[in-house]
Amino acid sequence: MSRNHNHHQRCVEKHSIYSPALEAVSDDYKTIRWNISALTPSKWAGPPSHEVDEAWKKYTGMGAMLLSQDDLIRINASRYSVPVPTAVGDGYIAHVEWYHQLHCVYMLWQQTYPEWYTDEAKMKAEEPELWHEHLDHCAETLRASIMCHADANIVPSNWVKGRHWPHPNYNLDHKCRDFDAAYQWAYDHQAKPPPGFELFARPKEGGYSEYEDLPFDPFDAGTVVRMKDTDRIQ
């Protein structure tokens, strides 16, 4: 029976951990030739401007989605993940992983322009430990993703005027998922809290689990704060 199931499994599902967002990912990847030359303008690269920030915020400013209990278990996430308030719906607060990865790239890039991103510069000055923790977290997340996917594209080099060494040339063909479709799926599945509702506020009643650090074990209950047995997922 399982053999028959695997026979009908899409290729993208076979080579991916389960995610409800995979329904937006086709087996027909696009061939896209990157253009990442130093002198080629990019709407995501500096110098910073309101236009550059708008390009980033289209993807990094997206709201959280609702993850069902069944999907929470299927992805083997913490059984004590943060649920959405009942006023918003039934499920758990979540984001697709590419959202977090783009957030991290955006945040790391912001550190090179402290005169523009003054909130980040202020955080570095006033809360250096938290600032470094956030950057370390982002660097480690991107490191883990890069090593997980181990892109096998081969990158040759060219001599570029004014450079003292051969410059890697990333202008190559790549097989890519349809990011527009992935974005549209995430956009359509955003939670819709009532106007003025604070989605990420700690609950004032009903109980929740709290941790010294993010739990590795999906069944780790952490420190139970007014937690009821009925609130737990078995």
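Here are three short exercises on the cysteines of this predicted model.

**Exercise 1. Find the disulfide and describe its geometry.**

How many disulfides does the structure hold?

*Solution.* Start with the count: there is one disulfide. Next, look for the partners, which are Cys104 and Cys138. Their sulfur atoms lie 2.3 Å apart, and the cut-off for a disulfide is within 2.5 Å, so the pair qualifies. Finally, check the twist: the angle about the S-S bond is -70°, and the link of Cys104 and Cys138 is left-handed.

**Exercise 2. Work out what the disulfide ties together.**

Which helices hold Cys104 and Cys138, and is Cys104 buried or exposed?

*Solution.* Begin with Cys104, which sits in helix H5, residues 97-110. Then move to Cys138, found in helix H7, residues 128-149. The link therefore joins parts that are 34 residues apart in sequence. Now turn to accessibility, where buried means under 20% relative accessible area. Cys104 has a relative accessibility of 2%, so Cys104 is buried. Cys138 has a relative accessible area of 0%, so Cys138 is buried as well.

**Exercise 3. Examine Cys11 and Cys148.**

Where is the nearest cysteine sulfur to Cys11, and why does Cys148 form no bond with the closest cysteine sulfur?

*Solution.* Take Cys11 to begin with: the nearest cysteine sulfur belongs to Cys176, 15 Å away, and Cys11 is in no disulfide. With a relative accessible area of 45%, Cys11 is partly exposed. Now take Cys148: the closest cysteine sulfur is in Cys104, and because the distance is 15 Å, it is too far for a bond. Cys148 has 62% relative accessibility, so Cys148 counts as exposed.

Terms used:
Residues numbered from 1 in each chain as written. Predicted model: local features only at pLDDT ≥ 70, side-chain atom pairs only at ≥ 80, totals over all residues. Heavy atoms only, no water. Helix = DSSP H or I, 4+ residues; strand = E, 2+ residues; numbered from the N terminus. Buried < 20%, exposed > 50% of the residue type's maximum accessible area, 1.4 Å probe, protein only.
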